[in-house]
Amino acid sequence: PFEDSPSSAEPPSLRAGDRVVVLLEQPNRKIEVIKAIRLCAEIGLKDAKELVERAPTPVLAYVSPAEADILYRKLVEAGAKVTIESVDRYSESELAHAPQSFVASQPAAGCLGVGAGVLLVALAAVLGY
């Protein structure tokens, strides 16, 4: 987690699980956005669809900055308008419907995208395969 020092890049009040990914409006490419949410939040189709249709709304809460960034990038890639905010800006009731755990359920084709493939190719080259 972040240290409580003035030199820290993040404000001291923010910790690893203090991020919320917010879908700002209903996207034109709704199916792609639903898929991205399902891959990163491990929720069902119905729940992901309801989140997208409820926009503007939090779609993932209490996650680390790195996890929030991964979902943010996947949602933008899918055509969504998204932001990452501090959990302090929301009440518990506003976050009640948002998934609260990040899961990269399909790394090669999902949340980690091309980076995972490049890593595997590099590893194979190093090992001589």
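These notebook entries record what I looked up in this structure, which is a predicted model.

**Entry 1. The chain as a whole**

I began with the secondary structure and found five helices and three strands in the protein chain. Reading from the N terminus, I noted the order β-α-α-β-α-β-α-α. I then looked up burial: of the 129 residues of the protein chain, 36% count as buried. The exposed surface of the protein chain comes to about 7700 Å², and carbon and sulfur atoms supply 57% of it. I also checked how contacts are spread along the sequence. Among those between residues at least 6 apart, 74% join residues at least 24 apart.

**Entry 2. The sheet**

In what order do the strands of the sheet stand? I found an open sheet of three strands in the order E2-E1-E3, paired antiparallel. Strand E2 (57-63) and strand E3 (82-86) are the edge strands, as each pairs on one side only. Neighbouring strands of this sheet are turned by 25 degrees against each other on average, direction ignored.

I next took the pairings in turn. Strand E1, residues 19-23, is joined to E2 by five bridges, and the two run antiparallel. Arginine 19 has valine 63 as its bridge partner in E2. Valine 20 stands opposite alanine 61 in E2, and valine 22 has proline 58 as its bridge partner there. Towards E3, E1 again has five bridges and an antiparallel course. Valine 20 appears in this pairing as well, with glutamate 85 as its bridge partner in E3.

**Entry 3. Burial in the strands**

Is E1 largely enclosed or open? I recorded that five of the five residues of E1 are buried, so this strand is largely enclosed by the rest of the structure. In a regular strand the side chains alternate between the two faces of the sheet. For E1 I noted Arg19, Val21 and Leu23 pointing one way and Val20 and Val22 the other way, with all of them buried. E2 is mostly covered, with six of its seven residues buried.

I then looked at tyrosine 62, which is placed in strand E2. Tyrosine 62 has a relative accessibility of 26% and therefore counts as partly exposed, since buried means under 20%.

**Entry 4. Helix H1 and its neighbours**

Two packed helices are described by the angle between their axes and the distance between the axes. I looked up both values for H1 against H2 and against H3.

Helix H1 (residues 30-41) packs against helix H2 (residues 45-53) at an angle of about 120 degrees, the axes being 9 Å apart. H1 is therefore oblique to H2. The crossing of H1 past H2 is right-handed. On the H1 side I listed Lys30, Val33, Ile34, Ile37 and Arg38, which meet Leu45, Ala48, Lys49, Leu51, Val52 and Glu53 in H2.

How do H1 and helix H3 (residues 65-77) pack, and at what angle? Their angle is about 160 degrees and their axes are 8 Å apart. H1 is roughly antiparallel to H3, because the angle is over 145 degrees. This crossing of H1 and H3 is right-handed. Val33, Ala36, Ile37 and Cys40 of H1 make the contact with Leu71, Lys74 and Leu75 of H3. I noted that Val33 and Ile37 of H1 are listed for the contact with H2 and also for the contact with H3.

**Entry 5. Backbone geometry**

Most residues other than glycine have a negative phi, and most peptide bonds are trans. With this in mind I searched the backbone for departures.

Which peptide bond is cis? I found the bond from alanine 55 to proline 56 to be cis, with omega near 5 degrees. Proline 56 is placed in the loop between H2 and E2.

Glutamate 42 has a positive phi, near 50 degrees, and is a residue other than glycine. I located glutamate 42 in the loop between H1 and H2. With a relative accessible area of 54%, glutamate 42 is exposed. Tyrosine 62, noted above in E2, likewise has a positive phi, of about 60 degrees, although it is not a glycine.

**Entry 6. Alanine 96**

Where does alanine 96 lie? I found alanine 96 in the loop between helix H4 (92-95) and helix H5 (113-127). Alanine 96 is exposed, at a relative accessible area of 53%. Its C-alpha atom is separated by 9.1 Å from that of alanine 61, and the two residues are 35 apart along the chain. Alanine 61 is the residue of E2 that stands opposite valine 20.

Conventions: Residues numbered from 1 in each chain as written. Predicted model: local features only at pLDDT ≥ 70, side-chain atom pairs only at ≥ 80, totals over all residues. Heavy atoms only, no water. Helix = DSSP H or I, 4+ residues; strand = E, 2+ residues; numbered from the N terminus. Buried < 20%, exposed > 50% of the residue type's maximum accessible area, 1.4 Å probe, protein only. Contact = heavy atoms within 4.5 Å. Areas by Shrake-Rupley, 256 points an atom, 1.4 Å probe, with all protein chains shown as cover. Pairing = 2+ DSSP bridges. Axes fitted to C-alpha atoms, helices over the stretch in contact; angles between N-to-C directions. Parallel < 35°, antiparallel > 145°, perpendicular 65-115°, else oblique. Left-handed = near helix turned anticlockwise from the far one by under 90°.
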